[in-house]
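Please open the model in a viewer and follow the stops below in order. Each stop names a selection and then describes what is found there.

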Amino acid sequence: MQREKEMKKKKKSKWWLCVAPLYIFTLLFVVGPMLYMLVVSFATNNGSGYGFYWNFTLDNYKKMWDGVYLQCFVQSFQLAFFTTVINILVGYPFGYFMAKLSKRGKQLLMFLIMVPFWTSSLLRLYGWIIILQVKGVLNAALQWLGILEKPVKILYSYPAVLFGMVYALLPFMILSVYNSVEKMDWSLVEAARDLGASPVKAFFGVTFRLTLPGLLTGVIMTFVPSMGLFFIADILGGNKIVLVGSLIQDQLTRGSNWPFAAALAVVLTVLTSLMLWAYQKLTHSNLEGIF
């Protein structure tokens, strides 16, 4: 008995040695910076562009209710919403039918989806500038097909930024849905059909509900990043579309107002955390409803 107790103590000590580096890393590089950001958000900007005072104030949060900054949040949510909706409409069917292909077909499509990630996203976006500009490939093709009589301005507009967001985040939606469909138990669908359910009713009653966690994962991986991918708005929008991420970058560089930038980051973090909480609740309730 004594020897067994000693063995258990040794195992526990080894377990803590394995886990301790992870906890230390999380505290130093995740929790620590977030706490510092939270504290700085209540500091006072000194107005000179160099640093801040450690004087407690709520002005940084009150400032967000100004028309310009509030509009920035509204515009960011609007862009994230439309990006997510388009990704759902395109990514869900793509991921669903991709999972039903043969092994060779799955490998081919997976290869085509992953190839763009081998190149820097910045380089790919600059490539789209060549395609979307007035004298670019897209306008030339549309004129050649007779769809347009003269070139239209697509680049540096809201549709260009929306297209860039969809292009950058669509693979995450496809892979999330594909992974969910791939692991699905198709015998449940067959059982629903045997009990008299139509194909449409079996899809929405069984298939869609079983793949909903994957869809919600894709929504999170699309909506949350699109709130802060400011470089897409800068490159394809020409600084005409200002997102929350762009505003934070501007306050850290040109504006030199670190407390306000920290307050913006805190609010954005809280909003994304609420989305993750809602995702867990919806996923949990969905699984309980099925089983």
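Begin by selecting Ser157, which lies in the loop between α6 (137-144) and α7 (158-182). The model is a predicted one. Is Ser157 buried or exposed? Its relative accessibility is 18%, so Ser157 counts as buried, the cut-off being under 20%. Display the side chain of Ser157: one of its polar atoms lies 2.4 Å from the backbone oxygen of Ile154. Leaving aside neighbours within four places in sequence, Ser157 is in contact with Leu236 and Gly237.

Those two contacts lead to the next selection, helix α10 (residues 230-237), in which Ile232, Ala233, Ile235, Leu236 and Gly237 are buried. Show α5 (121-132) and α7 as well, since both are included in what covers the buried residues of α10. Select Ile232 within the helix. Not counting residues up to four places away in sequence, Ile232 touches Leu125, Val161, Gly164, Met165, Ala168 and Gly237. Just after α10, Gly238 takes a positive phi of about 60°.

Next, consider the nonpolar cores. In soluble globular proteins, nonpolar side chains tend to be buried together. The largest nonpolar core here has 19 residues, of which Leu79, Met165, Ile232, Leu236 and Leu243 touch the most other members. Two or more residues of this core come from each of α5, α7 and α10. Which element gives the most to this core? It is α7, with six residues. A second, separate core contains 18 residues, including Tyr69, Val244, Leu247 and Leu264.

Turn now to the aromatic rings. A search of the whole structure finds 20 aromatic pairs. For one of them, select Tyr69 and Phe260: the pair is edge-to-face, at 4.9 Å centre to centre and 65° between the planes. This pair links distant parts of the chain, with Tyr69 in helix α3 (residues 67-99) and Phe260 in helix α12 (residues 258-290), 191 residues apart. Tyr69 counts as buried at 16% relative accessibility, and Phe260 is buried with a relative accessible area of 0%.

Another pair is formed by Tyr92 and Phe203, whose ring centres are 6.3 Å apart and whose planes stand at 80°, so this pair is edge-to-face. It also links distant parts of the chain: Tyr92 belongs to helix α3 and Phe203 to helix α9 (residues 199-226), 111 residues apart. Are both rings buried to the extent that their accessibility places them in one class, or where does each fall? Tyr92 counts as buried at 9% relative accessibility, whereas Phe203 is partly exposed, with a relative accessible area of 22%. Extend the selection to Tyr96, Phe97, Trp186, Phe204 and Phe208, which form one aromatic cluster with Tyr92 and Phe203.

Charged side chains over rings make the next stop. Return to Phe260 and add Lys63, which lies over the face of that ring at 4.5 Å from the ring centre. Then select Phe117 and Arg124: the charged end of Arg124 sits over the ring of Phe117, 5.9 Å from its centre.

Finally, colour the model by pLDDT. The protein averages 84, and 90% of the residues score at least 70. Where is confidence lowest, and where is it highest? The lowest mean, 76, is in helix α1 (residues 2-40), and the highest, 92, is in α7.

Terms used:
Residues are numbered from 1 along each chain as its sequence is written. Side-chain values use heavy atoms; hydrogens and water are left out. Helices (H or I, at least four residues) and strands (E, at least two) are DSSP runs, numbered from the N terminus. Buried means under 20% relative accessible area, exposed over 50%, partly exposed in between (1.4 Å probe, protein chains only). A polar contact is a pair of N or O atoms within 3.5 Å; within protein, one must be able to donate a hydrogen and the other to accept it, and residues adjacent in sequence count only if both atoms are side-chain atoms. Contact means heavy atoms within 4.5 Å. Rings of Phe, Tyr and Trp (its six-membered ring) pair if their centres lie within 6.5 Å; planes under 30 degrees apart count as stacked, over 60 as edge-to-face and the rest as tilted. A charge sits over a ring if NZ of Lys or CZ of Arg is within 6 Å of the ring centre and within 35 degrees of the ring normal. pLDDT is the predictor's confidence in each residue, from 0 to 100. A nonpolar core is a set of buried Ala, Val, Leu, Ile, Met, Phe, Trp, Tyr and Cys residues joined through side-chain atoms within 4.5 Å.
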